[in-house]
Amino acid sequence: MKNKIELSPQCASQLRAIGDTMELLSGKWKIQIVGTLLLNGSMRFMELKRALNGIAPKKLSNDLQELETNDILTRTVKETKPITVEYELTAHGRTLENLINEAMDWGLKHRKKIIG
């Protein structure tokens, strides 16, 4: 039987926070959705779909709904003909900017190191 490792309350809290972040931004697309909205501002559904090359419409719709539920973005229905729907990061969603920038910077450096 293995001995159970006791974590300090601070360590347990920090690991829980990392887990919360990972759960919210899990999957292939959510971080890319947030990054796309950070770089481009308000976008319509089809603009997002085109920008996120390869995402299925149903997946995009589901991820947008989850991000809206977690106050990361807002969905605004415009009373135009035809009706358009725009997505934009909330103030809370924009607090992910440093995380997204760090992920982007690390990814660029990693790609350069691995691919050359």
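Q: How do the residues of the lining of the largest pocket divide into nonpolar, polar and charged?

A: This is a predicted model. Rolling a probe the size of a water molecule over the atoms shows where empty space is left. Here, the lining of the largest pocket divides into 6 nonpolar, 4 polar and 1 charged residues. The volume of this pocket is about 270 Å³.

Q: Which residues line the largest pocket, and which element gives the largest share of the lining?

A: Among the lining residues are Ile31, Leu38, Leu39, Glu97, Ile100 and Met104. Helix α2 gives the largest share, 6 residues. Both α2 and α6 (97-115) supply at least two residues each.

Q: What is the volume of the second largest pocket, and which residues line it?

A: The second largest pocket has a volume of about 170 Å³. Its lining is made up of Ile18, Thr21, Met22, Leu25, Ser26, Gly27, Ile31, Leu99 and Ala103. Two or more of these residues come from α1 (9-24), and two or more from α6. The most, 3 residues, come from α1. By class, 6 are nonpolar, 3 are polar and none is charged.

Q: What is the order of the strands in the sheet?

A: The sheet is open and has 3 strands in the order β1-β3-β2, and the pairing is antiparallel. Strands β1 (43-44) and β2 (73-78) are at the edges and have a single partner strand each, so one side of each lacks a neighbour in the sheet.

Q: Where does helix α2 pack, and which strands does it touch?

A: Helix α2 (residues 30-40) packs on the sheet and touches β1, β2 and β3. The direction of α2 makes about 90° with that of β3.

Q: How many bridges pair β1 with β3, and how many join β2 to β3?

A: Strand β1 pairs with β3 (residues 84-89) over 2 bridges, in the antiparallel sense. One residue to look for is Arg44, whose bridge partner in β3 is Glu86. Strands β2 and β3 also run antiparallel, joined by 6 bridges. There, Val77 is opposite Val85 in β3. The connection from β2 to β3 is a hairpin through 5 residues.

Q: Which side chains along β3 are buried, and which are not?

A: To read a strand, follow the side chains one by one and note the face each points to. Along β3 they alternate. Val85, Tyr87 and Leu89 point to one face and are buried. Thr84, Glu86 and Glu88 point to the other face and are not buried. Glu86 is also the bridge partner of Arg44.

Technical notes
Residues numbered from 1 in each chain as written. Predicted model: local features only at pLDDT ≥ 70, side-chain atom pairs only at ≥ 80, totals over all residues. Heavy atoms only, no water. Pairing = 2+ DSSP bridges. Helix = DSSP H or I, 4+ residues; strand = E, 2+ residues; numbered from the N terminus. Contact = heavy atoms within 4.5 Å. Axes fitted to C-alpha atoms, helices over the stretch in contact; angles between N-to-C directions. 1 Å grid on protein atoms, 1.4 Å probe; cavity = no way out; pocket = protein on both sides within 12 Å on 5 of 7 lines; lining within 4 Å. Points joined across faces, edges and corners; volume = space filled by probe spheres on them. Nonpolar A, V, L, I, M, F, W, Y, C, P; charged D, E, K, R; others polar. Buried < 20%, exposed > 50% of the residue type's maximum accessible area, 1.4 Å probe, protein only.
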